[in-house]
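Reader: I am new to reading protein structures, and I would like to look closely at a single part rather than at everything together. Please choose one strand and explain slowly how it is covered and what it pairs with.

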Amino acid sequence: MTEHLRTERSQEHPLECGHCYYPIPGEPNESDDGQFCSTTCLEAAEDDSTMPDPGAYKRIVTGIEPIDSLVHNGVPADSFVLLSGDEGTRRDELLSELVWRALERGEPAVIVSYANPPTATLERLFENGWNVLPALENDRLRILDCFTHRLADREQFLETRTKWATFVGETCADAVIEVTEPDDVRSVATNLLGALEDLEMSETGLVTIDSLDELGTLVQDQLVHNFVKDVRATVCKARYVPIVAGATTAGADGYPDEEYVFDGIVDLRLTEELTPGARVTQLGVRKLVGARYLPQWVTYEYEPVHGLVALERSRPAQQSTAADDRNAPPPQ
């Protein structure tokens, strides 16, 4: 018998296939190895072909309190998610925290850095009290440097770094992949896939891209679209490794215009609705294919070490809709 086999059927706990682990909708196909949903799964099990439990890799709990408070069952791991936010909404801190939470879980991570050199990208983590030196030493973190080769004088940049920046730069040297042509999206995608191979990232870890806006200053929007489409297919869909990318608020003359290419969109905003004269930051999930989420805004604050902390949920002063009721958490 397989570990995931259930001996009793019920609406809450249906019999699971001993190979793919999904519910058996009809009469099971039986063998000495267990019960299966189809002949295909039965034959695969007889050939000693094993599949991982989908619950172990197909969804991730991000560890980001405001996001997890809205997405209770986890984010699909084959998602390309856009963080679309106003300036001042801590979007960069959120991207850094996503990396740190993955490292905390013992998973690898890759950062595609267009907006900053690698030392500055790492400094964002250090500023939060998140020491990534062990992760660099243990080969669990890679940085695609799409910034340095765009400098007019790279040698001067290296020579004028502070003692700390020089130390960090030397420490992370083996973890940095220098992209010599950051305006060649195919080259960037190839280097990204190479980093995933080096870290054996399949069904584990995540990738962050700090700024699609910065990429958009180098290439035409159509090439940005093609880049997103390609890495979504080769990274998210093929490997079950999620990608989270930052961009300025859609519709503000920035990228992206074609939001359908993303599996998920998380909006970050500044608002004075709750406390007149004081701006507060809020987060809401606008879109997340394949996942249940609450259609609400969460007010959050940023705290060093703790990261983004959820304060409260807010909603328009109106009756709840049927969609709200379907997405509401079950009563305690």
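The answer below follows one strand, residue by residue and then pairing by pairing.

Author: This is a predicted model, in which local features need pLDDT of at least 70 and side-chain atom pairs count only at pLDDT 80 or more, while totals for chains, interfaces and linings use all residues. Residues are numbered from 1 along each chain as its sequence is written, and side-chain values use heavy atoms, with hydrogens and water left out.

The part to look at is β7, a strand that covers residues 141-145, where a strand is a DSSP run of E with at least two residues, numbered from the N terminus. Five of the five residues of β7 are buried, and the strand is described as mostly covered; buried means under 20% relative accessible area, with exposed over 50% and partly exposed in between, using a 1.4 Å probe and protein chains only. In a regular strand the side chains alternate between the two faces of the sheet. In β7, L141, I143 and D145 are on one side and R142 and L144 are on the other, and both faces are covered.

Next comes the pairing, which requires that DSSP finds at least two bridges between two strands. Strand β6, residues 109-113, pairs with β7 in the parallel sense over five bridges, and among these residues S113 has D145 of β7 as its bridge partner. Strand β8, residues 176-178, also runs parallel to β7, and three bridges join the two; here L144 stands opposite I177 of β8. D145 and L144 are thus a useful place to trace both pairings, with D145 partnered by S113 and L144 facing I177.

Technical notes. Helices (H or I, at least four residues) and strands (E, at least two) are DSSP runs, numbered from the N terminus.
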